[in-house]
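Got the viewer open? Let's take a walk through this model, one selection at a time.

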Amino acid sequence: MAKSTALIFGYNKYAHEIISNVKDKYRAIKIFSLDETDLQNSAYEVELFDLSDEWSDIHQDVDVDNSMAFCVLEDTAQNIFLTISLRAHFKELTIIAIASNKESANKLKMAGANKVIPLVETTSDIITNMLEKPISNKILHAILYEESDLKIAQIKITPESTFKDEQLTSIDWTRYNGIIVLSVMHEDMKSEFIYSSKAKHHIIREGDILVVVGYEADIVEFENKIGSKRYVNWSHWSW
Amino acid sequence: MLKRWILDFAYYLDTSKSYQRRKRFFYDILENDKNRYKKYIDTFMITLIFISVGVLIREVKFHVNDYLMFFSNYIISFIFFIEYILRLWVSSSVSKVIVNRAEHDTFLHQEVNLFKAFKEILRVKLQYMLTPKAIIDFLAILPFFHELRLLRIFILFRVFKLFRYAKSFQTLSSVLATKKFEFLTLGIFASVVIFVSSVLIYVMEGNNPASPINTFFEAIYWSIVTISTVGYGDITPVSHEGRFVAILVITAGIAVLAFTTSLFVSAFTEKLDEIREIKTIEDVSKLKKFYLICGYTEVAKEVARKLSCSKNNIIIIDENNENIEAAKKDGYTALNYDPGEIESYKKLNINMDTQVKSILCLREDDIKNVYAALTIRSLNKNVFILSLLMNDSNRKKLDFAGINSVVYPQELVGLITKELVGKPVAFEVIHELRSETADVKIDELGITQRIVDNFTTVGDLGNIDYRVVLLGVYKHKKDRFYFNPIDSTLLDVGDYLLVVGYHNFILEFEKYLHTKVKNG
């Protein structure tokens, strides 16, 4: 199920971008800063925190297990310390952290972050793709960030799904013109490309997630045809 | 009348495109190192030089075939003569001198003074003819008159012509030229020591019947052999006075040798970076296509690594020497040039339209990136510029500076978190497709005439047989992407197929598209 509260640690440009992109997806957003001056200058309500905090206050105010933490402190060492501190206190908290490079990304993962965004690698990936594969980059960007009518969706196989118990390769996907099934995620949390040798013999089970690309209307039609719905569950994340 | 005719002819030559084109052509193949044909001309001339020197060596003790002698004496000399004339021709423009004189005199309302123009022509041509290279070229023609035995030795001058073609000789002479003053000082010192010691040894031993030194020439010969620390031993002083002089000369010889060695070493050490830079620039100017990265930052390191993995040539310029050293250590061609200075690009001596794929301004400073972009734009309007944006409020400034594409890392973080929060699995799938390490990749396959001849529609492609997902077709002419196109969609030359699949399967599919025989 979707998380209800976003906890953002660090009040900087990254925090601003995250807030503007995810504010509609959460019931509440709580921002924490190490710097006292942020309390006065902020457009949002900012709370002060200390890296040596025991986080007892947060526990009282927020349903931590149903929250998502974004660790975006610009100092890598502080960000790692914050992540390890949060993980030590909250085993179930989903933590997304930013890292300047691969080295600190590994440390953040060791510190307990569920997902790390390595800034340098991500930026360089985007730049390289823009230069070397401009068309695919443009299309993927449009699909992923919904800049066009094309959308990517993840559809969970329910007990009512027509595909349930069918072999993946035996399904005539051409019946569902308009959408393309890219991959399937099994219960082992591994995403498999639709034409992989593993996926070839895969029997679709309840709980599998299909990743499909298509126009909104076609995806809705696909959902209706197979009797499954789009679904987001953080436990289905392939970290 | 004659004057009028000469002036008209000079103006005609000066404005004639075909004449200028021909002259330019000969200039390029003779003097322009960047010309692709020059190396063939150079190789041809070097071969001729070796043939004529080979003939000279053979001739010392053996009879040389008459035809070969004829070839060496006449044909090669004639080719060298033609080369000399062509070099003299392209060294300066006679018509330009006359036109300039005519315009100068007309402007001052004077009668055009052709005499002054001819004087100027003579001056510039003589100036060229008296350069060491031109003198060697001239002397290399002289064996043509080989009947004069003295002139036959001039064949040796053909060997000196090698200097013209071997770059390392030019580099060596340019390095040593930087220490002209030191070498002159050393030369004077050595000459004084040789002269004084020669006089002394001659005075001390000239009249001694036991001494082998009988003439002043022998005294000079002994001094030079001793001071150079060669010491053949064929002539040695016999008197105590003479041996005392020998001690002085030997001591001075050690000093001269040490001084000479240190001069060579210091000249090369000082010029080493410059020599390397010149070599790097030469290499860069020969590259057909490359990415130019301004600033070797963390992002630039990753971008350079990824681009070079796809077999792209990367050139890095940065004003910070530490960054340049790091780039060199990482194996890239890097130059310590400021990306914000026009001079940097001029020194690089590149054609931005044809050689540069894209210029990437990847410094983590918007001001520096804007400055570099404006500098590049002032030189070239068309080259694709991509820049990092560090502060969103500067986006418009970057656009205004002529940057084609901007990457704002903070925005990426926002977009990524949005997708991560909303569709984590889908995000992972797309992220995997983009990742360089993933097995499954997204690729663009260009549609060529050959493919269109064999596969008219999307339905003919048979991508499913190759386990490749056809995401869509990008129609180049319409600049539109057709997602999941129906089988009857026609393919046109210039379109791109966007396919997803295992890298090897995509390669197989691409191979199949290109090799399928019509109706086969």
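## Start with chain B

Color chain B by secondary structure: you'll find 23 helices and ten strands. Keep in mind as you look around that this is a predicted model. Chain B has 520 residues, and 28% of them count as buried. Residues 24 or more positions apart make up 63% of the contacts in chain B with a separation of 6 or more.

## Stop 1: a four-stranded sheet in chain B

Now pick out strands β7, β10, β8 and β9 of chain B. Taken in that order, they form an open sheet with antiparallel pairing. The edges belong to β7 (440-446) and β9 (480-483) of chain B; each has a single partner strand, so one side of each is left without a neighbour in the sheet. On average, neighbouring strands here are turned by 25° against each other, direction ignored.

Zoom in on β7(B) and β10 (residues 496-502) of chain B, an antiparallel pair held over seven bridges. For one bridge you can click on, select B:Gly446: its partner in β10(B) is B:Tyr496. Then add helix α23 (residues 503-515) of chain B, which packs on the sheet and touches β7 and β10 of chain B. The direction of α23(B) makes about 140° with that of β10(B).

## Stop 2: a helix with two faces

Next, select residues 94-107 of chain B, which is helix α5. Try your distance tool on its ends: the end C-alpha atoms are 20 Å apart, which agrees with the 20 Å that 14 residues should span at 1.5 Å a residue.

Which residues of α5(B) are buried? Show B:Ser95, B:Val97, B:Ile98 and B:Arg101, and you have them. They cover an arc of only 165° around the axis, which puts them on the same side of α5(B). Rotate to the face turned away from that buried side, and you'll meet the exposed residues B:Glu103, B:Thr106 and B:Phe107.

What do the buried residues of α5(B) pack against? Select α1 (2-15) and α6 (114-129) of chain B to see their packing partners. Before leaving, click B:His109, which follows α5(B) and has a positive phi, near 55°.

## Stop 3: a six-stranded sheet in chain A

Over to chain A. Here six strands line up in the order β3-β2-β1-β4-β5-β6, forming an open sheet with parallel pairing. At its edges stand β3 (46-48) and β6 (115-118) of chain A, each with a single partner strand, so one side of each is left without a neighbour in the sheet. The average turn between neighbouring strands of this sheet is 20°, direction ignored.

Take β1 (residues 5-9) and β2 (residues 28-33) of chain A: these run parallel and are joined by five bridges. Label A:Leu7, and opposite it in β2(A) you'll see A:Lys30. Now bring in α1 (residues 13-22) of chain A, a helix that packs on the sheet and touches β1, β2, β4 (67-71) and β5 (94-99) of chain A. Its direction makes about 170° with that of β1(A). Add α4 (residues 76-89) of chain A too: this helix lies across β1, β4 and β5 of chain A, at about 170° to β5(A).

## Last stop: where the chains meet

Finally, show both chains together. Here 56 residues of chain A are in contact with 52 residues of chain B. Which helix gives the most to chain A's side? Select α6 (residues 119-132) of chain A, which gives 14 residues. By class, chain A's side has 33 nonpolar, 15 polar and eight charged residues.

Terms used. Residues numbered from 1 in each chain as written. Chains lettered and ligands numbered in written order. Predicted model: local features only at pLDDT ≥ 70, side-chain atom pairs only at ≥ 80, totals over all residues. Pairing = 2+ DSSP bridges. Axes fitted to C-alpha atoms, helices over the stretch in contact; angles between N-to-C directions. Contact = placed C-beta atoms within 7 Å. Expected span 1.5 Å × (residues − 1). Buried ≥ 20, exposed ≤ 12 C-beta atoms within 10 Å, placed from the backbone. Arc of directions from axis to C-beta. Nonpolar A, V, L, I, M, F, W, Y, C, P; charged D, E, K, R; others polar.
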